[in-house]
Amino acid sequence: QVQLVESGGGLVQAGGSLRLSCAASGRTFSSYAMGWFRQAPGQEREFVATINWSGGSTYYADSVKGRFTISRDNVKNTLYLQMTSLKPEDTAVYYCAADWDRGTGYTSPRPIDYRWWGQGTQVTVSS
């Protein structure tokens, strides 16, 4: 079992930047595929970005491609999401998630494929 704690959310103006962090407990962080997902009020949780165990493979939703960067530090047991050129439509609760990496380089964009979740951090982008 792994525990995930997100931080770094807040209120930012459109065009601004934020960096989210997700600290993971345990000694097997490098065995997990990781992802960032978000959920706006009244909407379903949606894929933002995922990364494989080594950081060598990353995937992004079309809506954030070119603006967000997912990365990880397997020594610090931490996942990151650098968000730039933020838009009001990026406003949501952002969650990090983890599951065992299958070693294929592919990481699923489906929330249902991740068994461990953080509590979320609110990101609000004002226009």
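A residue is termed buried below 20% relative accessible area, exposed over 50%, and partly exposed in between. On this scale Ser85, at 38% relative accessibility, counts as partly exposed. The structure analysed here is a predicted model. Ser85 is placed in the loop between β8 and β9, the latter spanning residues 92–100. The phi angle of Ser85 is near 45°, which is a positive value in a residue other than glycine.

A second loop residue, Asn77, also has a positive phi, near 55°, and is likewise not a glycine. Asn77 belongs to the loop between β7 and β8. With a relative accessibility of 16%, Asn77 falls under the 20% limit and therefore counts as buried.

The strands flanking Asn77 are part of an open sheet. This sheet comprises four strands in the order β1-β3-β8-β7, paired in the antiparallel sense. Strands β1 (4–7) and β7 (68–73) stand at the edges; each has a single partner strand, so one side of each is left without a neighbour in the sheet. From one strand to the next, the twist averages 15°. The antiparallel pairing of β7 with β8 (residues 78–83) extends over six bridges. Within this pairing, Ser71 has Tyr80 of β8 as its bridge partner.

Edge strand β7 also contains Arg72. The relative accessibility of Arg72 is 13%, and this residue is therefore classed as buried. Two short polar distances involve its side chain. A polar atom of the Arg72 side chain lies 2.8 Å from the backbone oxygen of Phe29. In addition, the side chains of Arg72 and Asn74 are joined by a polar contact of 2.8 Å. The C-alpha atoms of Arg72 and Ser54 are 8.2 Å apart in space, with a separation of 18 residues in sequence.

Sulfur pairing was examined next. A pair of cysteine sulfur atoms within 2.5 Å is taken as a disulfide, and by this rule the count comes to one. The bond joins Cys22 to Cys96, with an S to S distance of 2.0 Å. Cys22 lies in strand β3 (residues 18–24) and Cys96 in strand β9, so the pair ties together parts that are 74 residues apart in sequence. The angle about the S-S bond is 50°, and the link of Cys22 and Cys96 is right-handed. Both Cys22 and Cys96 are buried. Strand β3, which holds Cys22, is also a member of the four-stranded sheet described above.

The remaining residue considered is Thr107, located in the loop between β9 and β10 (116–117). Thr107 has a relative accessible area of 2% and is buried. Its side chain forms a polar contact of 2.7 Å with the side chain of Thr50. When residues up to four places away in sequence are not counted, Thr107 touches Ala33, Thr50, Ile51, Asn52, Tyr59 and Tyr114. Thr50 thus appears both in the polar contact with Thr107 and in the list of residues that Thr107 touches.

Technical notes
Residues are numbered from 1 along each chain as its sequence is written. This is a predicted model: local features need pLDDT of at least 70, side-chain atom pairs count only at pLDDT 80 or more; totals for chains, interfaces and linings use all residues. Side-chain values use heavy atoms; hydrogens and water are left out. Two strands pair if DSSP finds at least two bridges between them. Helices (H or I, at least four residues) and strands (E, at least two) are DSSP runs, numbered from the N terminus. Axes are lines fitted to C-alpha atoms, for helices over the stretch in contact, and angles run from 0 to 180 degrees between N-to-C directions. Buried means under 20% relative accessible area, exposed over 50%, partly exposed in between (1.4 Å probe, protein chains only). A polar contact is a pair of N or O atoms within 3.5 Å; within protein, one must be able to donate a hydrogen and the other to accept it, and residues adjacent in sequence count only if both atoms are side-chain atoms. Contact means heavy atoms within 4.5 Å.
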